[in-house]
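Colleague: I am new to this one. Can we go through it in short questions and answers?

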Amino acid sequence: MIVRMDTLDYTGLTGEEMWKRLDSKLSNGSIILSHNGTKHTADSLELLLHNIKQKGYEVVTVSELIYKDNYVIDANGIQKQLKNE
């Protein structure tokens with residue numbers, strides 16, 4: 001199951017506060033939303049990425065998760081790869 005999480009960085013949360021929001025909710029396939037141009041996001045990325053990796057997760061970009069060929073998007077907006085026949 002993909003869990004989408006918002007760091008709420010745009011509200012001025014510090015890196016530690018963002019991590020507290022994410023820590024217990026992380027799971028395989030989690031997508032974490034952050035924004036550019038916010039007060040603490042850039043200086044918090046190192047902390048967040050380190051903590052995520054320490055928990056054993058691999059960090060990838062969204063573009064690495066998207067199927068580029070042979071897919072459909074279902075009625076719920078979920079992208080699914082078609083089976084090769």
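Colleague: How does Leu 8 count by its relative accessibility: buried, exposed or partly exposed?
Modeller: Keep in mind that this is a predicted model. Buried means under 20% relative accessible area, and exposed means over 50%. Leu 8 has 23% relative accessibility, so Leu 8 counts as partly exposed.

Colleague: Where is Leu 8 found?
Modeller: Leu 8 is not a glycine, although its phi is positive, at about 55°. Strand β1 covers 4–6 and helix α1 covers 15–23. Leu 8 is found in the loop between β1 and α1.

Colleague: Which value does phi of Asn 70 lie near?
Modeller: Asn 70 sits in the loop between α3 (62–65) and β3 (71–73). With 34% relative accessibility, Asn 70 counts as partly exposed. Asn 70 is a residue other than glycine, yet its phi is positive, near 55°.

Colleague: In what order do the elements of the protein run from the N terminus?
Modeller: The secondary structure comes to three helices and four strands. From the N terminus on, the order is β-α-β-α-α-β-β.

Colleague: Is the protein a compact globule or more spread out than one?
Modeller: For 85 residues, the globule rule gives 12 Å. The C-alpha trace spans about 50 × 25 × 20 Å along its principal axes. The radius of gyration is 15 Å, well over the rule's value, so the protein is more spread out than a compact globule.

Colleague: Which residues of α1 are buried?
Modeller: Buried residues make up 20% of the 85 residues in the protein. In α1, the buried ones are Gly 15, Met 18, Trp 19 and Leu 22. They cover an arc of only 100° around the axis, so they are on the same side of α1.

Colleague: What do the buried residues of α1 pack against?
Modeller: Two strands and a helix are to be named here. The strands are β1 and β2 (31–33), and the helix is α2 (41–54). The buried residues of α1 thus face contacts with β1, β2 and α2.

Colleague: What share of the contacts with a separation of 6 or more comes from residues 24 or more positions apart?
Modeller: A contact needs heavy atoms within 4.5 Å. Of the contacts with a separation of 6 or more, residues 24 or more positions apart account for 52%.

Colleague: How far apart are the mean positions of the positive and negative charges?
Modeller: The protein has 10 positive and 12 negative charges. Their mean positions are apart by 5 Å.

Terms used:
Residues numbered from 1 in each chain as written. Predicted model: local features only at pLDDT ≥ 70, side-chain atom pairs only at ≥ 80, totals over all residues. Heavy atoms only, no water. Rg over C-alpha atoms; globule rule 2.2 N^0.38 Å. Buried < 20%, exposed > 50% of the residue type's maximum accessible area, 1.4 Å probe, protein only. Lys, Arg positive; Asp, Glu negative; His and termini not counted. Charge placed at Lys NZ, Arg CZ, Asp CG, Glu CD. Arc of directions from axis to C-beta.
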